[in-house]
Amino acid sequence: NDKIKSATGSVRLILDDGTNMGELSLQKAKQLANERKLDLVQVSPVHKEGVPVCKLQDLAAIQYKKTEKRDEEIKKQKTEKKSVKEVQIGTSISDNDLNFKWKQMQRFLEKGRTVRLLVQMKSSNTLKQNQRKDRAFEILEITKEHLKNCGVENPSDRKIRQDLIRTMFAPVKQK
């Protein structure tokens, strides 16, 4: 209330219910705020006539709502982080296990979650490095084909390292 300054000594006042009271003296506006047990908040520094625009509001309630909204946004960001599911597949995976992984990925995508697929090219069997790499790309292409109805791969998310291919599948937006 005391921080509001006006060169003309008057303010344009808006009540808490949105009613425009017009131009009043700053003292009268402060008195009205005290009577209603509200705060006089400067909304705009200068209006057309060089008079600041002020509003009667419960400042504590507004700050509480802002804090509540910020906390809700933080909570939403945390849940968005959890909405990414990771599925790991090795190059020596059997067909039955691969079908299970596809069903799992399909279920996640249908629920609207993003799936991070990791195809690992390490193996304890005697497949040579080139064979493992070829098998990893084969698994990736088959997976893309299998999930085309419920998820799409973003090519820019594909990362290939020496022993790992990582990519992301986003759910298809249904109309």
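Which strands pair in the antiparallel sense, and over how many bridges? To find out, select residues 10-14, which make up strand E1, and then residues 20-25, which make up strand E2; these two strands pair in the antiparallel sense over five bridges. Keep in mind throughout the tour that what is on the screen is a predicted model.

**The hairpin**

With both strands still selected, pick out Leu 13 and look across to E2, where its bridge partner is Gly 22. E1 and E2 form a hairpin with five residues between them, and in that turn you can select Gly 18, which has a positive phi of about 100°.

**Helix H3**

Next, select residues 95-110, which are helix H3. The helix has 16 residues, which at 1.5 Å a residue should span 22 Å, and its end C-alpha atoms are 22 Å apart, so the expected span and the modelled one agree. Now show the side chains of Leu 98, Trp 102, Gln 104, Met 105, Phe 108 and Leu 109, which are the buried residues to look for in H3. These residues lie on the same side of H3, because they cover an arc of only 160° around the axis. Turn the view to the face of H3 that points away from this buried side, and there you will meet the exposed residues Asn 96, Phe 100, Lys 103 and Glu 110. Just after H3, select Gly 112, which takes a positive phi of about 90°.

**Helix H4 and its salt bridges**

Move on to residues 129-146, which form helix H4, and begin with Asn 130, which has its place in this helix. Asn 130 counts as exposed, because its relative accessibility is 58%. If you also select Glu 23, you can see how far apart the two residues are: they are separated by 107 residues in sequence and by 81 Å in space, C-alpha to C-alpha.

How many salt bridges does the structure hold? There are nine in the structure, and this part of the tour visits some of them. Select Arg 135 and Glu 138, which form a salt bridge whose closest N and O atoms are 3.6 Å apart. Because they are three residues apart in helix H4, Glu 138 and Arg 135 are separated by about one helical turn. Glu 138 counts as partly exposed, at 40% relative accessibility.

Further along H4, select Glu 141 and Lys 144, whose side chains meet in a salt bridge at 3.8 Å, N to O. This pair, too, is three residues apart in H4, so about one helical turn separates Lys 144 from Glu 141. Lys 144 is partly exposed, with a relative accessible area of 30%, and Glu 141 is also partly exposed, at 39% relative accessibility.

Then select Glu 145 and Lys 148, which form a salt bridge with the closest N and O atoms 2.8 Å apart. Both are partly exposed, Lys 148 at 49% relative accessibility and Glu 145 with a relative accessible area of 49%. To see a network, select Glu 141, Lys 144, Glu 153 and Arg 158 together, since salt bridges that share partners join these four residues into one.

**Two cysteines**

Finish with Cys 54, which is buried with a relative accessible area of 0%, and with Cys 150, which counts as buried at 7% relative accessibility. A disulfide is a covalent bond between the sulfur atoms of two cysteines. The structure holds zero disulfides.

Notes:
Residues are numbered from 1 along each chain as its sequence is written. This is a predicted model: local features need pLDDT of at least 70, side-chain atom pairs count only at pLDDT 80 or more; totals for chains, interfaces and linings use all residues. Side-chain values use heavy atoms; hydrogens and water are left out. Helices (H or I, at least four residues) and strands (E, at least two) are DSSP runs, numbered from the N terminus. Buried means under 20% relative accessible area, exposed over 50%, partly exposed in between (1.4 Å probe, protein chains only). The expected span of a helix is 1.5 Å times one less than its number of residues. The arc is that of the directions from the helix axis to the C-beta atoms. Two strands pair if DSSP finds at least two bridges between them. A disulfide is a pair of cysteine sulfur atoms within 2.5 Å.
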